[in-house]
Each structure stands twice: as C-alpha cells, then as structure tokens.
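The following exercises concern salt bridges and the packing of helices. Each task is followed by a solution that proceeds step by step.

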Amino acid sequence: MRQIIDYDCNFKEEVGEVLKDISTSQNTLGFNVISILGCQSTGKSTLLNTLFGTHFKVLDKLTSGYCQTTKGLWLGCGTESFNSPILIWDVEGTDSLERGEDRATFENRAALFSLAVSDCMILNIPLMNLTTYSSSNFGLLKTILNSWFSLKLDQNGITRGNIRKTTLLFAVRDITINDNDEMLGRKVVQILDLLWRQVAESQNSLGNQIPASFSDIFEVKVYGIPSLPNDYDGFKQVVATIRYDLTTSILPKDYTRRIPLEGLEMYCKTVWKCIVDCQELNIPSQIKLVSRFRCEQAKDDILDEYKKSIKDLQKKMEKREFGFNEFSDCTLLVLENSLAAYFEVASKYDHEMSTNTSISLLVFIFHEFQNAVNSRMSLERQDLRQYTNILDYYKKGIEDHQVQYDKESNEESHYVSFDSSSWVNKELLKFDSLSLKWKTEFPSVISRQHLISPIKEKCIPDILNEISLNSQGKEVFLATYNTQEQRKLLSETLEIHSKKIYEKLVEEFFESLIKDILKEISPLLGDHFLSDPKLKLDDFWELTGSSIVNIHRLLVSKYEQQWITLFKNSNMNEFTSSGLEEEIALQLVLKFIQLIQQQSKYFHINIVDRFKSEFELDQDGVPRQWIGEDAKIMKELFIKAKNNSLQITNVFYPRKDQLIPFSGRSSNLFDKIIENSEDLSGIIALNKDHGNGKFLDSVPLISESNLKEIESKASQEITSIFSKAQLIQSTGRQPQNIPWWIYLLIIILGFDEITYVLTSPVLVTLLLLLASFIYSYLTGNFSSFCNYSQQFVIISTKILHYISGAIHSSLDNRK
C-alpha cells in the first residue's frame, strides 16, 4: 500500500511501486481501477481489505477512538482472485473534523479524481444516514454528477459504446434483517433522480447537452451489508456476492480509460494537477495527452535504438558498399523491427494518437533513407565533375547509348554530332533510372495499420517519389525516393560540362584542321623557293597562291560535313559552309605567315645558298675554277650574285593579292588576319610610325630591323666566300685547314714556347714520364710505371713527328 496523494494534496510519484506487483506479461490494458468514498470512520478500509485482500490501515477504536485513519489517497493492488488485476484507491473520509472548514475543497478534489480514474466508484453509506443530505454524502454525490460534464466523457464516445459507463456501487452499511437490496435500490434511485433534476437544471443553463437520465451515464448497483461485529457471516456473504458481481458483470474486461498500465502514473498525475490547478478536466484530452507522451517516448526510444543502423546504412551508401538489393533488404529490416517495437508499446494507447505518432516515426526514418540515397546519387554527379577528360566521357557515353559516329572516308578520323540538350537529357534519364532502383519494401504491419495513405500524404513528394504495388503481383508496396535536389545539381553540372564538351570538340576540330594545314603548306617554301634558286619572286607567289587555293579547296571538301555536323546545334549563324571557307582561308594565310616568319631566323642561310649557286657554279652547273681567273670578272660575278640573292628578302614584303590569293576576300580577310596576328599588327604599326620603309605598298611580315639583320649576316658570309675565292685566284691552291687543337695549344702555351717544346722530342718524353710517375705515385701502382714509360716513348715520338710536320706546313703556307 502506498500513499499517492498526501494530506497536503501533493502527488507522490509512487504509483510505479504498486504496479510492480502486477505481472508485465499480462495485457497492460487488462486491469481495473476501483475507488471508495464515504464518511470518515464508516469502515471503508475494512470493506476494501475484506473484498480485495488489501492491507489498508483500519480504525482501531480501542486505542485511538473515532478519528481520522486514512489521510490523503492511498493505492493498493487487490490480491483476491479476479479476472484481471485490481487497483484500489482508498480515499480519505469526508466530513472530517481534522480538516475543519477546508474539508470541502479536498473532498471535491478527491471525488472528481476518483470519478476521472475509476471504472467503479464504491460509495460507502451507513443505513442510518441514507435519508439525510449531509451525512449521507449526497452533497458529494451531486458534485460527482456535476463533475461528469467537466470530464467530457461523452466526447470519447460513450453514446457510441466505445467507453463503458462508470459504475456507482452503493454499499449501504449496517442493514437489519428487515432491509433488502430492492428496497435500498429504490431509495437510492429516488435520491439520484432528485439530484439529477437539480444538476440537469444547472447544466442546462450553462448550455450543456443533458442526457435524459443519470442512468445514461452511470451504472448503479446497490448492496446492503450487515454489520461486521453483529453479523460476521452475513457480512462475509454479501462481500462474496459483491466480489462475484464485480468479476462477472460490473467490471469491464479492460480499463475504461484506455490507458496502459505503464502510463497510469502519468495519467493520474496529470489529472490531479488539472484538479488542483482548477483547470478544465477533460478526460479525453488527458487520455490523448498521456497517449501522445507515451507514443512519443516510444518513438524516441526506437529512433535511439536504430539510429546507429541508419547511420551505418548511410556510410555504406556513401562508400558504394551497398547495391540495390542490399539497400532494399536493410531498409525493410529497419522498418520491420522499428515498427514492431513501436506498436508493441503504442498499440495500448489511443489509436489515433499511436497512428499519428507512427507516421511521424516513419517520416523521420524515410527522410534518413532519402539522405542515404541522395548521398549515393551525389557520387554520380561527383564522378562527372572529377572526370579528367569530359570529352572522353561523352564519347564513351555515345558508345554506351549506341549512337553511331558519322565517319569520313578516312577511317582514322571521326567526328561527333553534339546536341547539348539531348546529351543533358540522356544523362538525366540515366540518373532518374538509377535513382528509381533504390527501393524500400514496406513491411506488412504498414498495411495492417492502414498507414499507406497517411505515408503518401506526409512523404510524397518531398521525401518519397512514389509508392506502388510490386510489379510481380504480390501484395507488397514499394517506395522510391525523391532525388530532385541531386538531380537539380546534376543538371547544373551537366550544363557546365556540355559547354566544356562543345569547347573540346571545337578545339579538336581546329587542332585537326591546323594539323592538316601545316602538313600541306610546309613543303611550299622548300619546293618552290629553297630548292629552286632561279625562281623569281612573282613566280614564287603565283605558284604559292595556286597551291594555297588548291589546299583550301581540298580542306573545305574534307571538313565541310564535319563543320556542319559539329555546329548544327550551336544556334550560331556564322557556322555555315561559307563561314568554313573563310575560316580555312584565314587559318591558311595565318599559318603560312607564321611559316615565313619562322624561316626568317635562318633565312640568311637561304640567301648564302642562292649566292653560292650563282657565284660558284656556271650556267651548266659546273663548279668554277678561280685559279688564274681575271679579278675584274670575279668582282662582277660577285656583285651580281650578291644582289640577286639579297633580292629574295622581298618575300617578307608581299602585296595583299600575293599574300591572300582568294579573289573577292582580300579586304575582309586581311582585316581578320591583322586582328588574329599580334606580331603582324605590331609590325605594320611600326612601319607606319617610321613612314620611310622601302615597302610601304606591301604587307611587312617582319620588321625592318630583322630584315637588316638577315641581310647583314648573309653579306658577311657572302664576303667570306668571295675572300676565299680571291685567295685561290692569287695563290693557285686551296688553303690548308689547321686543326683546332693546334690553335688551343698556341693560345695556352704561346707560339714560341710550344714550338720549342715540340721540336725537342726528349723534352716531350720527359714531360710524359713525369706525368706517368705522378699518377703512379698517387695511385700506388708503380708496377705499371715501366710499361707506361715504354709506351709513352714510342707514342710521343710518333705524335711529335706528326705535330712538327703540321706546324711546318702551316707556317710555310702563311709565308
């Protein structure tokens, strides 16, 4: 027995201690609550102890007399054999002298609390007080009838049979042999009718709907109980009858307030708090409040238990460790176990509340599953972003989608038709197809609890994409997830990459075009200019222009289809066939200009070669013999060949029509050439600033300073060639070439000193022997000294003879 509400109206949280005596293996709704009210010292506790086998404290008349025994409200558990566990509230007696004037407040609170929590209220009334108002507690009974409207039990469906009516069990004490239950029952009903009319009139004035009779809201049972001291057997017999009737007909199978045993303490606490705080005591609201708290508590416990499993799932999805089947199995297992654990607790509470809370639980779980799917789908976007060569990815995607490449006759080259929107849509479709494969199968409990529609309402479209029946004909629901956020990010990434693909394809196109242009124009200078020194500049430009036009026609034919295919979806007007012709013409001229400019670095060699071809060879191509040649004739040949060879520098100053051999395009194309060639535009601007160039009517491909440098280098080499020719003409023989190392020795040692040393073989040999000795001393290998000495003597003698002969020969030639 535990005191739950103390004398000062404080709620002591000890209900759980009483509930420990009830087996948790039983149905937690399968219990009943009974309370007893009545005047002080009228045997209430004694009746409870005899009826239920409890051990509430009883009045001891011998030691304490007639005084207050039960203070506050006590709770005990019945130990007699009933169909279900019985919880008994022993309420402090009314009309207490100890409480004085404050007794009415406590009595009203206790009565209202008993009505709110009890299936059955026992009203203990002595027979002698049955016809009085105050001592019979009919005033308290009137309070109970009024309180029923505050409890608003009708809102919870009493009229629809969802909650049984509370039973008022009148225990009329100390009856005589002349009193019977029928007579007592008529008297009680008479009193109740009188009280009900008073209550109905009062409640009707407040606008409340009034039941026709008190019997519509209460079941009334009346039992006359003999005095225990005077008729012990009769007392026991009536108590046994009451116990039997409670078991068979009075008490319902389950607790009428639909609060499970584990939620009873919270329910009692909230009800008492409402009463003490003078708040409206709405029992359906209190039931829902307890249901909400317990269901939310169960939900939180489930989430704490399965949070780790969900996090593990997300990590495995982020690491690509889960496939579609593994994801489906894992999510099904989480749903099955979590819902089973939740409804094991929540099913005992208000159905609407448990259902709503289960939806909240499922929304959270599905949201976590969605996060896992989004994490996995984000990897698809990251893979695309990290692809080193997006063009290779696109080409591979074309092969995967079985899109054929258009091919030219040259099988080594191919080009790709790129449609930006089509490619983006294909990638998004691939993303959608993949995201729809991440499915979660619903456990059967979702269907049994009729949760499909609420899940659709709460989760679609924000969390779930769709809920559908299994296509295999099974009564199984499958859910797919909303990945629109990742899809949007992917779409933005694809738009960026589509631009990169376009740029790459354009870059590849121009790389291929430039490669072919260089391949075709590279031989032009060699074939028409360098290899044929007699070719005149006008002839050179005519042949070059003809070749460039032919190359232009060939390249236009080769790249026309590729150009149209590549840019057909670019929405750019300039990408037409005429645009291709102009672009190839521009690139041809630009690359030819670059080729000529590159040749300028070594162009003095070309000038010298042309000079040699004309100066050293006669008209038949036979080398000239300068020995005995007339000096005047040599000089004339020299001047003519030099002037002719230097004239080829005019190739760097062609006319516009020579540089641009395309009729009708010179002006427009020339402007684009200037625009696309910084070097050329700078050279032209420099020449205009000087204003005194000798080729003002031509297009300067190099600056005048570079041209002068080329002419200077060529003139020096030409002059050297002519000097050698003069030497031959005057001496009659070719000059001997002195080895370079002779000059090096002369510079280091001096001419006189080296001549002295080299003309003394003995000194040379001694120097070599000294070097050999030093080497042997440093290495410690003296055994080889003799061998080296012998060889040095032989070799040095030969070398000295050779060097001496070379020096004497050179000196003779100089003289």
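A residue is termed buried when its relative accessible area is under 20%, exposed when this value is over 50%, and partly exposed in between. The structure shown is a predicted model.

**Exercise 1.** Determine which residue forms a salt bridge with K299, and state whether K299 is buried or exposed.

*Solution.* Step 1: the partner of K299 is E296, and the closest N and O atoms of the pair are 3.2 Å apart. This distance satisfies the rule, since a salt bridge requires a side-chain nitrogen of Lys or Arg within 4 Å of a carboxyl oxygen of Asp or Glu.
Step 2: both residues belong to helix α8 (residues 283-318), where three residues, about one turn of the helix, separate K299 and E296 in position.
Step 3: K299 has a relative accessible area of 12%, and therefore counts as buried. E296 is partly exposed, because its relative accessibility is 28%.

**Exercise 2.** Locate the salt bridge of D312 and K308, and classify the accessibility of each residue.

*Solution.* Step 1: the closest N and O atoms of D312 and K308 lie 3.2 Å apart.
Step 2: D312 and K308 are both found in helix α8, four residues apart, about one turn of the helix.
Step 3: K308 has a relative accessible area of 59% and is therefore exposed. D312, at 30%, is partly exposed.

**Exercise 3.** Give the N to O distance between the side chains of D657 and R655, and classify both residues by accessibility.

*Solution.* Step 1: the side chains of D657 and R655 form a salt bridge with an N to O distance of 3.1 Å.
Step 2: D657 has a relative accessible area of 45% and is partly exposed; R655 is also partly exposed, at 39%.
Step 3: under the distance rule, the count of salt bridges comes to 14.

**Exercise 4.** Describe how helix α18 and helix α23 cross, and which residues meet there.

*Solution.* Step 1: two packed helices are described by the angle and the distance between their axes.
Step 2: the axes of α18 (residues 603-615) and α23 (residues 704-731) come within 8 Å and cross at roughly 35°. The crossing of α18 and α23 is right-handed.
Step 3: the residues of α18 in contact include F603, I607 and F611, while those of α23 include I710, I718 and F722. The residues of this contact comprise eleven nonpolar, one polar and three charged. Among the residues in contact are H604 and K612 in α18, and K713 and E717 in α23.

Note on methods:
Residues are numbered from 1 along each chain as its sequence is written. This is a predicted model: local features need pLDDT of at least 70, side-chain atom pairs count only at pLDDT 80 or more; totals for chains, interfaces and linings use all residues. Side-chain values use heavy atoms; hydrogens and water are left out. Axes are lines fitted to C-alpha atoms, for helices over the stretch in contact, and angles run from 0 to 180 degrees between N-to-C directions. Helices (H or I, at least four residues) and strands (E, at least two) are DSSP runs, numbered from the N terminus. A crossing is left-handed if the near helix is turned anticlockwise from the far one by less than a right angle, and right-handed if clockwise. Contact means heavy atoms within 4.5 Å. Ala, Val, Leu, Ile, Met, Phe, Trp, Tyr, Cys and Pro count as nonpolar, Asp, Glu, Lys and Arg as charged, and the others, Gly among them, as polar. Buried means under 20% relative accessible area, exposed over 50%, partly exposed in between (1.4 Å probe, protein chains only).
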